[in-house]
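Subject: Structure for your review

Dear colleague,

Please find below the structure that I am handing over to you. A description of what was found in it follows.

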Amino acid sequence: MTLIVVLVVSGALLAGAAWGIFGTLGDRLEGFLVALAGGSLVLSLVSELIEPSIERSNLFTATAGVVSGAIVFAIADYLIDEKWGSDSGGGLLAAITLDGVPENLALGVALISATPTEVAALAGSIFLSNLPEAAGGARDMAGRGHTKMQVFWLWAATAAILSVAAIAGNMLLDEASEHWLAVIRCFAAGAVVASLATEVFPKAFRHEHHFAGVATALGVVLAFWLGNLGG
(Lines give C-alpha, C1' and ligand atoms only; values in the text may rest on other atoms or scores of the structure.)
Protein backbone atom coordinates (compact mmCIF):
# COMPACT_ATOMS: atom_id res chain seq x y z
CA MET A 1 0.00 0.00 0.00
CA THR A 2 2.93 2.33 0.66
CA LEU A 3 4.19 1.73 -2.87
CA ILE A 4 0.73 2.43 -4.27
CA VAL A 5 0.48 5.77 -2.47
CA VAL A 6 3.99 6.77 -3.54
CA LEU A 7 3.40 5.82 -7.17
CA VAL A 8 0.08 7.67 -7.32
CA VAL A 9 1.60 10.85 -5.87
CA SER A 10 4.68 10.78 -8.11
CA GLY A 11 2.54 9.73 -11.06
CA ALA A 12 0.86 13.12 -10.78
CA LEU A 13 4.13 14.60 -12.08
CA LEU A 14 3.93 12.49 -15.24
CA ALA A 15 0.24 13.25 -15.76
CA GLY A 16 0.85 16.95 -15.20
CA ALA A 17 3.86 17.02 -17.51
CA ALA A 18 1.89 15.29 -20.28
CA TRP A 19 -0.96 17.76 -19.75
CA GLY A 20 1.38 20.75 -19.96
CA ILE A 21 3.25 19.48 -23.03
CA PHE A 22 0.54 17.90 -25.14
CA GLY A 23 -2.65 19.45 -23.75
CA THR A 24 -4.01 22.93 -23.23
CA LEU A 25 -3.42 24.76 -19.96
CA GLY A 26 -4.48 28.39 -19.76
CA ASP A 27 -2.75 30.79 -17.39
CA ARG A 28 -5.90 31.46 -15.35
CA LEU A 29 -6.68 27.77 -14.94
CA GLU A 30 -3.09 27.11 -13.93
CA GLY A 31 -3.22 29.93 -11.37
CA PHE A 32 -6.47 28.61 -9.91
CA LEU A 33 -5.14 25.05 -9.61
CA VAL A 34 -1.84 26.18 -8.10
CA ALA A 35 -3.68 28.25 -5.47
CA LEU A 36 -6.00 25.31 -4.75
CA ALA A 37 -3.00 23.01 -4.24
CA GLY A 38 -1.25 25.58 -2.07
CA GLY A 39 -4.24 25.96 0.23
CA SER A 40 -4.52 22.20 0.56
CA LEU A 41 -0.85 21.90 1.45
CA VAL A 42 -1.04 24.61 4.11
CA LEU A 43 -3.59 22.72 6.19
CA SER A 44 -2.02 19.32 5.54
CA LEU A 45 1.43 20.45 6.63
CA VAL A 46 0.08 21.71 9.93
CA SER A 47 -2.26 18.81 10.70
CA GLU A 48 -0.21 15.90 9.31
CA LEU A 49 3.38 16.99 9.97
CA ILE A 50 3.80 19.83 12.47
CA GLU A 51 1.07 19.07 15.04
CA PRO A 52 1.92 15.34 15.32
CA SER A 53 5.58 16.26 15.73
CA ILE A 54 4.79 18.61 18.62
CA GLU A 55 2.64 15.94 20.29
CA ARG A 56 5.18 13.14 19.92
CA SER A 57 8.31 15.22 20.54
CA ASN A 58 8.20 18.84 21.71
CA LEU A 59 7.62 22.37 20.49
CA PHE A 60 11.33 23.25 20.41
CA THR A 61 12.19 20.32 18.12
CA ALA A 62 9.32 21.14 15.77
CA THR A 63 10.28 24.81 15.66
CA ALA A 64 13.92 24.01 14.89
CA GLY A 65 12.88 21.67 12.10
CA VAL A 66 10.49 24.14 10.44
CA VAL A 67 12.94 27.05 10.58
CA SER A 68 15.84 24.91 9.31
CA GLY A 69 13.79 23.65 6.39
CA ALA A 70 12.75 27.16 5.39
CA ILE A 71 16.35 28.44 5.58
CA VAL A 72 17.73 25.57 3.50
CA PHE A 73 15.03 26.12 0.87
CA ALA A 74 15.76 29.86 0.75
CA ILE A 75 19.49 29.25 0.26
CA ALA A 76 18.95 26.62 -2.43
CA ASP A 77 16.37 28.79 -4.18
CA TYR A 78 18.84 31.69 -4.19
CA LEU A 79 21.58 29.51 -5.69
CA ILE A 80 19.25 28.29 -8.43
CA ASP A 81 18.09 31.79 -9.36
CA GLU A 82 21.34 33.72 -8.96
CA LYS A 83 24.19 31.24 -9.45
CA TRP A 84 23.17 28.14 -11.39
CA GLY A 85 20.53 29.71 -13.61
CA SER A 86 16.99 28.37 -13.57
CA ASP A 87 17.14 27.82 -17.32
CA SER A 88 20.09 25.41 -17.21
CA GLY A 89 19.60 21.65 -17.08
CA GLY A 90 20.94 21.28 -13.57
CA GLY A 91 19.13 24.36 -12.37
CA LEU A 92 15.83 23.16 -13.79
CA LEU A 93 16.15 19.76 -12.17
CA ALA A 94 17.12 21.34 -8.85
CA ALA A 95 14.20 23.75 -9.02
CA ILE A 96 11.74 20.93 -9.73
CA THR A 97 12.98 18.67 -6.95
CA LEU A 98 13.68 21.36 -4.35
CA ASP A 99 10.30 21.17 -2.66
CA GLY A 100 9.36 17.76 -4.07
CA VAL A 101 12.03 15.82 -2.19
CA PRO A 102 11.00 17.18 1.25
CA GLU A 103 7.34 16.60 0.41
CA ASN A 104 7.89 12.97 -0.57
CA LEU A 105 10.36 12.30 2.23
CA ALA A 106 7.73 13.55 4.66
CA LEU A 107 5.14 11.36 2.96
CA GLY A 108 7.34 8.30 3.48
CA VAL A 109 7.91 9.20 7.14
CA ALA A 110 4.20 9.84 7.66
CA LEU A 111 3.40 6.35 6.36
CA ILE A 112 5.47 4.75 9.14
CA SER A 113 3.10 2.83 11.43
CA ALA A 114 0.10 4.20 9.55
CA THR A 115 -2.28 3.07 6.86
CA PRO A 116 -2.48 5.02 3.59
CA THR A 117 -5.94 6.36 4.49
CA GLU A 118 -4.49 7.91 7.67
CA VAL A 119 -2.27 10.14 5.55
CA ALA A 120 -4.95 10.83 2.94
CA ALA A 121 -4.77 14.58 3.51
CA LEU A 122 -1.01 14.78 2.99
CA ALA A 123 -0.90 12.39 0.02
CA GLY A 124 -3.90 14.06 -1.62
CA SER A 125 -2.46 17.52 -1.12
CA ILE A 126 0.90 16.53 -2.60
CA PHE A 127 -0.92 14.98 -5.57
CA LEU A 128 -2.87 18.20 -6.09
CA SER A 129 0.36 20.19 -5.80
CA ASN A 130 2.36 18.03 -8.21
CA LEU A 131 -0.24 18.04 -10.98
CA PRO A 132 -0.41 21.79 -11.79
CA GLU A 133 3.26 22.30 -10.88
CA ALA A 134 4.34 19.72 -13.43
CA ALA A 135 1.88 20.99 -16.04
CA GLY A 136 3.04 24.60 -15.75
CA GLY A 137 6.71 23.71 -15.46
CA ALA A 138 6.65 21.36 -18.45
CA ARG A 139 4.84 23.95 -20.56
CA ASP A 140 7.40 26.62 -19.67
CA MET A 141 10.34 24.30 -20.35
CA ALA A 142 8.95 23.29 -23.73
CA GLY A 143 8.65 26.96 -24.59
CA ARG A 144 12.37 27.55 -23.91
CA GLY A 145 13.55 25.42 -26.80
CA HIS A 146 13.55 21.96 -25.22
CA THR A 147 11.84 19.23 -27.23
CA LYS A 148 8.64 17.76 -25.85
CA MET A 149 10.25 14.36 -25.27
CA GLN A 150 13.26 15.90 -23.51
CA VAL A 151 10.92 17.72 -21.16
CA PHE A 152 8.79 14.65 -20.52
CA TRP A 153 11.77 12.40 -19.76
CA LEU A 154 13.19 15.02 -17.40
CA TRP A 155 9.93 14.99 -15.46
CA ALA A 156 9.90 11.18 -15.56
CA ALA A 157 13.37 11.15 -14.00
CA THR A 158 12.20 13.63 -11.39
CA ALA A 159 9.20 11.44 -10.55
CA ALA A 160 11.58 8.50 -10.07
CA ILE A 161 13.81 10.54 -7.74
CA LEU A 162 10.85 11.64 -5.65
CA SER A 163 9.53 8.08 -5.45
CA VAL A 164 12.91 6.91 -4.15
CA ALA A 165 12.86 9.71 -1.56
CA ALA A 166 9.46 8.63 -0.26
CA ILE A 167 10.34 4.94 -0.14
CA ALA A 168 13.70 5.66 1.50
CA GLY A 169 12.01 7.81 4.12
CA ASN A 170 9.61 4.99 4.89
CA MET A 171 12.14 2.15 4.99
CA LEU A 172 15.31 3.70 6.39
CA LEU A 173 13.64 5.67 9.17
CA ASP A 174 11.36 2.94 10.45
CA GLU A 175 13.44 2.53 13.63
CA ALA A 176 14.22 6.21 14.14
CA SER A 177 13.23 7.91 17.39
CA GLU A 178 10.23 10.19 17.54
CA HIS A 179 12.53 13.18 18.02
CA TRP A 180 14.37 12.51 14.75
CA LEU A 181 11.12 11.83 12.93
CA ALA A 182 9.77 15.12 14.27
CA VAL A 183 12.83 16.98 12.97
CA ILE A 184 12.48 15.37 9.52
CA ARG A 185 8.74 16.01 9.30
CA CYS A 186 9.09 19.63 10.35
CA PHE A 187 12.16 20.23 8.17
CA ALA A 188 10.11 19.06 5.19
CA ALA A 189 7.18 21.22 6.31
CA GLY A 190 9.42 24.29 6.61
CA ALA A 191 10.86 23.76 3.13
CA VAL A 192 7.40 23.42 1.60
CA VAL A 193 6.07 26.47 3.49
CA ALA A 194 8.97 28.50 2.09
CA SER A 195 8.21 27.26 -1.41
CA LEU A 196 4.55 28.21 -1.00
CA ALA A 197 5.49 31.74 0.05
CA THR A 198 8.12 32.38 -2.63
CA GLU A 199 6.98 30.28 -5.59
CA VAL A 200 3.44 28.90 -5.40
CA PHE A 201 1.21 31.72 -4.16
CA PRO A 202 3.00 34.51 -6.10
CA LYS A 203 2.60 32.45 -9.28
CA ALA A 204 -1.06 31.81 -8.54
CA PHE A 205 -1.70 35.51 -7.95
CA ARG A 206 0.04 36.52 -11.18
CA HIS A 207 -2.07 34.18 -13.26
CA GLU A 208 -5.42 34.43 -11.45
CA HIS A 209 -5.41 37.35 -9.03
CA HIS A 210 -9.19 37.68 -8.82
CA PHE A 211 -9.97 34.17 -7.58
CA ALA A 212 -6.62 33.00 -6.16
CA GLY A 213 -7.91 33.61 -2.64
CA VAL A 214 -11.08 31.64 -3.30
CA ALA A 215 -9.06 28.76 -4.75
CA THR A 216 -6.76 28.77 -1.71
CA ALA A 217 -9.76 28.62 0.63
CA LEU A 218 -11.22 25.74 -1.38
CA GLY A 219 -7.88 23.95 -1.09
CA VAL A 220 -7.97 24.29 2.70
CA VAL A 221 -11.51 22.88 2.79
CA LEU A 222 -10.51 20.03 0.47
CA ALA A 223 -7.58 19.09 2.72
CA PHE A 224 -9.94 19.16 5.72
CA TRP A 225 -12.27 16.71 4.02
CA LEU A 226 -9.38 14.46 3.02
CA GLY A 227 -8.18 14.53 6.61
CA ASN A 228 -11.62 13.47 7.85
CA LEU A 229 -11.59 10.66 5.31
CA GLY A 230 -8.40 9.38 6.91
CA GLY A 231 -9.89 9.57 10.41
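From the N terminus on, the elements of this predicted model follow the order α-α-α-α-α-α-α-α. The protein has 8 helices and 0 strands. Of its 231 residues, 46% count as buried. Its exposed surface amounts to about 10700 Å², of which carbon and sulfur atoms supply 70%. Among contacts between residues at least 6 apart in sequence, 85% join residues at least 24 apart.

The nonpolar cores

In soluble globular proteins, nonpolar side chains tend to be buried together. In this model, the largest nonpolar core has 22 residues. Val-5, Val-9, Leu-45, Leu-107 and Leu-196 have the most contacts inside it. At least two residues of this core come from each of the helices H1 (2-22), H2 (27-56), H4 (89-110), H5 (120-142), H7 (178-207) and H8 (212-229). The largest share, 7 residues, is supplied by H2. Another core, of 10 residues, lies apart from this one, and Ala-17, Ala-138, Trp-155 and Ala-159 are among its members.

Val-9 may serve as an example of the contacts that a core residue makes. Leaving aside neighbours within four places in sequence, Val-9 is in contact with Asn-104, Leu-107, Ala-123, Ile-126, Phe-127 and Asn-130.

Two further buried residues

Leu-36 is found in helix H2. Its relative accessibility is 15%, and Leu-36 therefore counts as buried, the cut-off being under 20%. If neighbours within four places in sequence are left aside, Leu-36 is in contact with Ala-215, Thr-216, Leu-218 and Gly-219. Leu-36 and Phe-201 are 165 residues apart in sequence, and their C-alpha atoms are 9.7 Å apart in space.

Thr-61 lies in helix H3, which covers residues 59-84. With a relative accessibility of 12%, Thr-61 counts as buried. Not counting residues up to four places away in sequence, Thr-61 touches His-179, Ala-182 and Val-183.

The salt bridges

Side chains of opposite charge can pair when their charged atoms come close. How many salt bridges does a search of the whole structure find? The search finds 5.

One of them joins Arg-139 and Asp-27, with the closest N and O atoms 2.9 Å apart. This pair links distant parts of the chain, as Arg-139 is in helix H5 and Asp-27 in helix H2, 112 residues apart. Arg-139 is partly exposed, at a relative accessible area of 23%, and Asp-27 is likewise partly exposed, at 40% relative accessibility.

Glu-30 also forms a salt bridge with Arg-139, and here the closest N and O atoms are 2.6 Å apart. Because Glu-30 lies in helix H2 and Arg-139 in helix H5, the pair ties together parts that are 109 residues apart in sequence. Is Glu-30 buried or exposed? At 1% relative accessibility, Glu-30 counts as buried. Salt bridges that share partners join Asp-27, Glu-30, Arg-139 and Lys-203 into one network.

A further salt bridge is formed by the side chains of Arg-28 and Glu-208, at 2.9 Å from N to O. Arg-28 lies in helix H2, whereas Glu-208 lies in the loop between H7 and H8, so this pair ties together parts that are 180 residues apart in sequence. Glu-208 is buried, with a relative accessible area of 6%.

Helix H6 and the aromatic pair

Helix H6 comprises 25 residues, 148-172. At 1.5 Å a residue, H6 should span 36 Å, and its end C-alpha atoms are indeed 36 Å apart, which agrees. The buried residues of H6 include Val-151, Trp-155, Ala-156, Thr-158, Ala-159, Leu-162, Ser-163 and Ala-166. An α-helix has 3.6 residues a turn, so residues three or four places apart point the same way. You may wish to keep this in mind when reading the list of buried residues in H6.

The structure holds 1 aromatic pair. The rings of Phe-152 and Trp-153 have their centres 6.0 Å apart and their planes at 75°, and the pair is therefore edge-to-face, for which the angle must be over 60 degrees. Trp-153 is exposed, as its relative accessible area is 55%.

Yours sincerely,
A colleague

How values were computed:
Residues numbered from 1 in each chain as written. Predicted model: local features only at pLDDT ≥ 70, side-chain atom pairs only at ≥ 80, totals over all residues. Heavy atoms only, no water. Phe/Tyr/Trp six-rings, centres within 6.5 Å; stacked < 30°, edge-to-face > 60°. Buried < 20%, exposed > 50% of the residue type's maximum accessible area, 1.4 Å probe, protein only. Helix = DSSP H or I, 4+ residues; strand = E, 2+ residues; numbered from the N terminus. Expected span 1.5 Å × (residues − 1). Core = buried A, V, L, I, M, F, W, Y, C linked by side-chain atoms within 4.5 Å. Contact = heavy atoms within 4.5 Å. Areas by Shrake-Rupley, 256 points an atom, 1.4 Å probe, with all protein chains shown as cover. Salt bridge = Lys/Arg side-chain N within 4 Å of Asp/Glu carboxyl O.
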